[in-house]
Amino acid sequence: MVADSPTQIDTFTVALLEPVNSGDATSPANDSERLLYRATSDTPLRLDCQGHALPGFAKSWEKDSTSRTWTLTLNDRVRSADGSPMTARDVAAWWNERLPVEGAMALQPAAALDDRRISVSLSGPQDSVPTMLADPAFSLAIDPTQRPSGVKFELEAGTDPRDALDRGADLVVTRDPALVDYMAGRTEFTTFPLPWSRTYVLVQPAAAQPIEAVRGEAERRSLARDAVSADARAAEPPFWWGEVAACPARLASGPTPGSSRVAYVRGDEVARGLAERIVALAGSGTRLSAAALEPADFAMLLQTGSDQAFVVALPRHTLTPCRESAAWPAGVRIQPLIDTRAHAIVRKGAPPLTVEWDGTVRVVPR
């Protein structure tokens, strides 16, 4: 992405419109955290929006004769957040503290071969480099001296993004179509649609009464067009959750849910619109109701299968299906509903930007 201009911005300001709470680059929770952590951390390899592997903090990789063991050669700039050098032994030790995560990704413990090389073994052969190594779970903080120069992040959670742009923000990532329409008349900005990055699904425990009202393509198109305020379309295959049958066993689903709620996470307006429309389409005879839950309560009830249905926002693409689905009880039914995407609003004269495999924008170092 390039927002052409004869002049170049000296300090490129990125407005973060959502809360940045986790402080953990390995598990970003929203678009703002992904924006920030892609600039301040790195993974062994990166994937562009076409799925091509590019060097991250591993400058090269090669497989052995079995195609099960891959050797990563680290670049000379791998350092901890405080700037101290890290060897392959340091990196392997850090990864191996995360064995539950690695196990869910079908990886064996990492082993340092020398100061610059790490051996990674898979549960089965793979001809191309394991793309899971571009997952944020393998992030390491970037030494501040190695980060893109001239880039500043401003926390703007709760601020009207138009105010942030008027105050000098040069990049805003938004899922609000009204803001995109508003910016169409601002000639100093260029707006780019990002890849479809989020799929909303209806998840039901195995023992729940199936909700048939949104099974068809026409119903999904109607949800995307009429039920939500978002850049949305009917969810389109392929869907990665078809791969989770081979994942480690999950918790057994509980008894028939006692409630008739269609639950969603409080504050997710797209999920709210979908839940309310599903209840309306199902009809009064089902006695369904839409219910907003705090994130922690939603996660707990989803894991135990204790509600009739859940509207869940899933990543459109994932490198780690087993980890992504680990909190679901066994036997859940998943109905895809809609895909949504964000837009990048960029001031002209910005440095070059790239878009990665999950639709996240990254500033290209000058």
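These legends accompany several close-up views of a predicted model.

**View 1. Four strands, β5, β6, β8 and β7, form an open sheet.**
The strands follow the order β5-β6-β8-β7, and their pairing is antiparallel. At the edges sit β5 (58-63) and β7 (111-112), each of which pairs on one side only. Further in, β6 (residues 69-74) and β8 (residues 117-121) are antiparallel partners joined over five bridges. To find your place along this pair, look for T69, which stands opposite S121 in β8.

**View 2. Helix α2 lies across three strands of the open sheet, β6, β7 and β8.**
The helix spans residues 88-96 and runs at about 30° to β8. Which residues of α2 are buried? They are A88, V91, A92 and W95. Seen down the axis of α2, these buried residues fall within an arc of 95°, so they line one face of the helix.

**View 3. The largest nonpolar core has 27 residues.**
Those with the most contacts inside this core are F57, L74, V78, V91, W95, L107 and I118. Two or more residues come from each of β3 (45-47), β6, α2 and β8. Helix α2 gives the largest share, four residues. As general background, nonpolar side chains in soluble globular proteins tend to be buried together. Elsewhere, and apart from this core, lies another one of 23 residues, with Y200, A232, V262 and L288 among them.

**View 4. L74 is one of the core residues with the most contacts.**
Leaving out residues up to four places away in sequence, L74 touches F57, A58, K59, T87, A88, V91, R116 and I118. Among these partners, A88 and V91 are buried residues of α2, while F57, V91 and I118 share with L74 a place among the core residues with the most contacts.

**View 5. L35 sits in helix α1.**
The helix covers residues 31-40. Is L35 buried or exposed? With a relative accessibility of 7%, L35 counts as buried. Not counting residues up to four places away in sequence, its contacts are V14, L16, F153, L171, V173, T360 and V361. Two of these, L171 and V173, belong to strand β11 and point one way from it. For a sense of scale, the C-alpha atoms of L35 and V265 are separated by 22 Å, with the two residues 230 apart along the chain.

**View 6. Strand β11 has buried residues pointing both ways.**
In β11 (residues 171-174), L171 and V173 point one way and V172 and T174 the other, and all are buried. The strand pairs with β17 in the antiparallel sense, over four bridges. Within this pairing, the β17 bridge partner of T174 is H343.

**View 7. H343 lies in strand β17.**
At 11% relative accessibility, H343 counts as buried. What joins the side chains of H343 and D231? It is a polar contact of 3.3 Å. Setting aside neighbours within four places in sequence, H343 is in contact with V172, V173, T174, V180, T191, F192, P193, L194 and D231. One of these, P193, stands opposite H343, and T174 is a bridge partner of H343.

**View 8. Strand β12 pairs with both β17 and β16.**
Twelve of the 16 residues of β12 (residues 189-204) are buried, so the strand is largely enclosed by the rest of the structure. Its pairing with β17 is antiparallel and holds 13 bridges. With β16 (residues 309-315), β12 pairs over six bridges, again in the antiparallel sense. A handy landmark here is V203, which stands opposite F310 in β16.

**View 9. Helix α6 has four buried residues, R220, L223, A224 and A227.**
The helix covers residues 217-227. Its buried residues take up an arc of only 120° around the axis, which puts them on the same side of α6. What covers them? The cover includes β13 (232-234), α7 (269-282) and β17 (333-347).

**View 10. E276 has its place in helix α7.**
At 38% relative accessibility, E276 counts as partly exposed. The C-alpha atoms of E276 and A291 are separated by 8.8 Å, and these residues are 15 apart along the chain.

How values were computed:
Residues numbered from 1 in each chain as written. Predicted model: local features only at pLDDT ≥ 70, side-chain atom pairs only at ≥ 80, totals over all residues. Heavy atoms only, no water. Pairing = 2+ DSSP bridges. Contact = heavy atoms within 4.5 Å. Axes fitted to C-alpha atoms, helices over the stretch in contact; angles between N-to-C directions. Core = buried A, V, L, I, M, F, W, Y, C linked by side-chain atoms within 4.5 Å. Buried < 20%, exposed > 50% of the residue type's maximum accessible area, 1.4 Å probe, protein only. Arc of directions from axis to C-beta. Polar contact = N/O pair within 3.5 Å; in protein donor to acceptor, adjacent residues only side chain to side chain.
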